[in-house]
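Open the structure in your viewer and keep the sequence panel visible. The stops below say what to select and what is there.

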Amino acid sequence: MDFYLLAKWVHVLSSTILFGFGAGTAWYLWQAHLTRDPATIASVGRMVVRADWIFTGTSGLVQPASGVYLVLHAGWSPTEPWLLAAYGLYLLAFACWVPVVDLQIRAQRLAQGAAAAGTPLPPEYARVMRRWFLLGWPAFLGLLGVFWLMIAKPPLW
């Protein structure tokens with residue numbers, strides 16, 4: 001296998017990890033949230049935050065690095081319209097992911113505090129989760145768009 005094919009494999013694998021862990025951790029945190037049980041939310045929240053940093057964060061860095069290599073070595077112009085659209089959608093997803101991780105940490109800490117005190121979730125928890133939910137959608141849809149652009153490579157303008 002030559003280095004280009006290895007880089008392509010790394011790029012595809014890291015995109016799978018990025019998308020899969022992003023969707024998976026969101027699913028599990030949402031399911032924990034629906035229980036309204038502070039101890040469950042705190043426990044799942046700790047795992048979700050850890051997984052996001054380890055897997056989503058790492059693959060989120062590998063994606064642009066491997067992508068730049070692939071673009072330059074495949075002969076594509078870095079300013080192809082479909083690539084520019086992909087960059088924009090990727091940046092949108094990243095811009096949503098950064099505050100989402102912070103919100104996950106805040107939600108987990110609020111749930112941990114409520115569990116330790118034996119009290120219901122505080123009102124701030126609902127506000128944090130509402131923002132988390134709203135920011136998750138553009139990140140999710142943005143990455144779906146990137147996948148489509150990478151496969152279709154459509155002439156856009």
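The tour goes from the whole chain to single residues.

**Stop 1: the whole chain**

Keep in mind that this is a predicted model. Show the protein as a cartoon and look for four helices; there are zero strands. Read from the N terminus, the order of elements is α-α-α-α. Rotate the C-alpha trace: along its principal axes it spans about 60 × 35 × 20 Å.

Now switch on the surface. The protein exposes about 9000 Å², and 74% of that area comes from carbon and sulfur atoms. Of its 157 residues, 36% count as buried. Next, consider contacts between residues at least 6 apart in sequence: 77% of them join residues at least 24 apart.

Colour the charged residues as well. There are 10 positive and 6 negative charges, and the mean positions of the two groups are 8 Å apart.

**Stop 2: I41 in helix α2**

Select residues 38-74, which make up helix α2, and pick out I41 within that helix. Is I41 buried or exposed? I41 has a relative accessibility of 1%, so it counts as buried.

What does I41 touch, leaving aside residues up to four places away in sequence? Show A32, H33, T35 and R36, then add A111, L121 and Y125; I41 is in contact with each of these. Then draw a distance from I41 to A115, using the C-alpha atoms. These two residues are 74 apart along the chain, and their C-alpha atoms are separated by 9.1 Å.

**Stop 3: the salt bridges of R106**

How many salt bridges does a search of the whole structure find? The search finds two, and R106 takes part in a salt bridge with D102 and in another with E124.

Begin with D102. The closest N and O atoms of R106 and D102 are 4.0 Å apart. Both residues sit in helix α3 (residues 81-117), and because they are four residues apart there, about one helical turn separates them. R106 has a relative accessible area of 29%, so it is partly exposed. D102 also counts as partly exposed, at 40% relative accessibility.

Now add E124. Between R106 and E124 the closest N and O atoms are 3.3 Å apart. This pair links distant parts of the chain, with R106 in helix α3, E124 in helix α4, and their positions 18 residues apart. E124 is partly exposed, with 32% relative accessibility. Keep all three residues on screen: through shared salt-bridge partners, D102, R106 and E124 form one network.

**Stop 4: a nonpolar patch**

Select F133, L134, W137, F140, L141 and L144 and show their surface. They form a nonpolar patch, with about 570 Å² of accessible area together.

Which helix holds F133? F133 lies in helix α4, residues 123-152. To join such a patch, a residue needs over 30% relative accessible area. F133 has 34% relative accessibility and therefore counts as partly exposed.

**Last look**

Return to the full view and show three selections together. They are I41, which is buried, the network of D102, R106 and E124, and the nonpolar patch that includes F133 and W137.

Key:
Residues numbered from 1 in each chain as written. Predicted model: local features only at pLDDT ≥ 70, side-chain atom pairs only at ≥ 80, totals over all residues. Heavy atoms only, no water. Helix = DSSP H or I, 4+ residues; strand = E, 2+ residues; numbered from the N terminus. Buried < 20%, exposed > 50% of the residue type's maximum accessible area, 1.4 Å probe, protein only. Contact = heavy atoms within 4.5 Å. Areas by Shrake-Rupley, 256 points an atom, 1.4 Å probe, with all protein chains shown as cover. Lys, Arg positive; Asp, Glu negative; His and termini not counted. Charge placed at Lys NZ, Arg CZ, Asp CG, Glu CD. Patch = residues over 30% accessible without salt bridge, like charges linked within 9 Å, V, L, I, M, F, W, Y side chains within 5 Å. Salt bridge = Lys/Arg side-chain N within 4 Å of Asp/Glu carboxyl O.
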